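Q: I'm new to this structure and would like a close look at one part of it. Could you start there and then lead me on to what surrounds it?

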Amino acid sequence: MSAILFHTSAANFVQQAARSLFEAGQLERFITTVRNDPGRLYQRTVCAVGRLFGRDLAAQFRRRTISEIPLEKVETHPWGELFRLASGALDRSGRLTDLVWESSETGFDRMVARHLPRHLTAVYGYEFCSLATFRRARTLGIRTIYDLPAPESGFVQGLLEEEMRKFPELRTAYHRHTNAREERRTARRRAEWHAADLILVNSRFTRDSYARAGLDCARVRVANLGAPPPVTRDEALLPRDHSAPLSLLWAGTFGLRKGAHYLMEAWRSGNFGRHARLRIFGTIALPDRIMRPLPDGIEIGGAIPREQLLDEYRRADALILPTLCDGFGLVITEAWARGVPVITTNRAGAADLLRTGANGRLVAAGSSAAIVEEIAWCLEHRLELHTMRVAALRTAEEWQWTDYRRLHASTLRDARMFGPA
């Protein structure tokens, strides 16, 4: 066991990478900030404070449940992340939370670097929280693995700026705040890139965004993320009433980067509330002046636990995600695992696995007119949309998290990142 994996989040894709190392006999520790432990006094206290301000912080903790590796392999340092959660409960503009986020990410990195054991074969880190650790590792002769779940930051920033020029009403004080800090933050990410011996990305789209930025991608390897366990064919193909309104589902943050403003524009211009329903599960990140008045047929469900969201997929005829920029888009593989076809763009990394007309349909990014056409197609082809459920489920069956971990481990082994098991 000769590697540590560290990240401020215990997101599922992070746990899957840690499990890959564990199954290969290489994981010494998984270092993170907060894990769900309802018995801990600090967690009970934080949740109680959150309730005083009308915030369900217990749900935030549940999202940090660690289930993929033995807990004795997990080391937690919660206070910086708890401070970020507390600031998020009180901070309406998001600017304070952003500053706390940056401080906690870099502080976490410095803490890992200070306690780095000399006997390690490799350290495995993520974007923005790895620079000090990578630099320390290189002085000790320890190899460095950099996992990038998001496209290149300059590419993302340029895309957002273009959208805000076209839609000035999307520009907020928060965007001005983050834009003023982007050059410095990008420099940190570039330094992490150059300090890495091996770079892992989750899609060709993510890889290509770095290549377009002029970065040498010779050290980059692609491993598409996996799907959760699929439902049975019988569950996926339950008969549906095609005379009922078309049911479309949105999962995840409903904001600019995901193309949510184009979907709102399309819904209004197509007057789809007469024949369709759009259920939105996730944080609303568009200004009220775009969301209100809420068009007919749109239901806001808020952020819900992942287990509940997986059940909501089953009620949908299709998932719609007209994203402008998604490194992968795990909601897509979650939908396929429920037999739900997906409408998305070629700017979602998971589009690597999409076969248009089979398990979903591609829509042009940044075009409300194209979204209108796709929703109209769904309304006119309800039976054909239903038959896509077979291919959607098969896609999930053919690329599970076990397949991701197998590719992930072999990639690291081929790059000589492993020590003796």
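How many bridges join strand β1 (residues 3-6) to strand β4 (residues 122-126), and do the two run parallel or antiparallel?

A: Before we start, keep in mind that this is a predicted model. The pair you're asking about is held by three bridges, and β1 and β4 run parallel. If you want a spot to look at, find A3, which stands opposite A122 in β4.

Now zoom out a little. β1 and β4 belong to an open sheet of seven strands with parallel pairing, and the order across the sheet is β3-β2-β1-β4-β5-β6-β7. At the edges you'll find β3 (74-76) and β7 (220-222); each has a single partner strand, so one side of each has no neighbour in the sheet. On average, neighbouring strands in this sheet are turned by 20 degrees against each other, ignoring direction.

Something packs on this sheet, too. Helix α8 (residues 173-194) touches β4, β5 (143-148), β6 (198-201) and β7, and its direction makes about 135 degrees with that of β5. α8 also has a helix to pack with: α7 (residues 153-166) meets α8 at an angle of about 160 degrees, with the axes 10 Å apart. Angles over 145 degrees count as roughly antiparallel, and that is why α7 and α8 are described as roughly antiparallel to each other. The crossing of α7 past α8 is left-handed. On the α7 side, the contact uses S153, Q157, E161 and M164, while α8 brings in H175, N179, E182, T186 and R189.

Let's move on to the other sheet. This one is open as well, with six strands in the order β10-β9-β8-β11-β12-β13 and parallel pairing. Its edge strands are β10 (298-300) and β13 (360-362), each pairing on one side only. Here too, neighbouring strands are turned by 20 degrees against each other on average, direction ignored. Toward one edge, β12 and β13 run parallel and are joined by three bridges, with T344 having L362 of β13 as its bridge partner. Helix α13 packs on this sheet, touching β8, β9 and β11, and its direction makes about 155 degrees with that of β8.

β8 (residues 246-251) deserves a stop of its own. Six of its six residues are buried, so the rest of the structure largely encloses this strand. In a regular strand, side chains alternate between the two faces of the sheet. In β8, both faces are covered: L246, L248 and W250 are buried on one side, and S247, L249 and A251 are buried on the other. Six bridges join β8 to β9 (residues 276-281), and these two run parallel. L246, for instance, has A276 as its bridge partner in β9.

From β8 it's an easy step to Y313, which lies in helix α13. Y313 is buried, with a relative accessible area of 0%. Leaving out residues up to four places away in sequence, Y313 touches L249, A251, L319, V331, E334, A335, R338 and V340. Take A335 from that list: Y313 and A335 are 22 residues apart in sequence, yet 6.2 Å apart in space, C-alpha to C-alpha.

A335 takes us to helix α14 (residues 330-337), which is mostly covered, with seven of its eight residues buried. Those buried residues are V331, I332, T333, E334, A335, W336 and A337. Their cover includes β8, α13 (306-313), β11 (318-321), β12 (342-344) and α16 (382-398). Just after α14, G339 takes a positive phi of about 75 degrees.

Y313 also turns up in the largest nonpolar core, which has 116 residues; L5, Y313 and L319 touch the most other members. L5 brings us back to where you began, as β1 covers residues 3-6. Helix α11 (residues 260-270) gives this core its largest share, six residues. There is also a second, separate core of eight residues, with V46, C47, L57 and F61 among them.

One last stop: α11 and helix α15 (residues 368-380). Their axes come within 8 Å and cross at roughly 60 degrees, and α11 and α15 are therefore oblique to each other. α11 passes α15 in a right-handed crossing. Y262, L263, E265, A266, W267, S269 and G270 of α11 are the ones that meet S368, I371, V372 and I375 of α15.

Notes
Residues numbered from 1 in each chain as written. Predicted model: local features only at pLDDT ≥ 70, side-chain atom pairs only at ≥ 80, totals over all residues. Heavy atoms only, no water. Pairing = 2+ DSSP bridges. Helix = DSSP H or I, 4+ residues; strand = E, 2+ residues; numbered from the N terminus. Axes fitted to C-alpha atoms, helices over the stretch in contact; angles between N-to-C directions. Contact = heavy atoms within 4.5 Å. Core = buried A, V, L, I, M, F, W, Y, C linked by side-chain atoms within 4.5 Å. Buried < 20%, exposed > 50% of the residue type's maximum accessible area, 1.4 Å probe, protein only. Parallel < 35°, antiparallel > 145°, perpendicular 65-115°, else oblique. Left-handed = near helix turned anticlockwise from the far one by under 90°.
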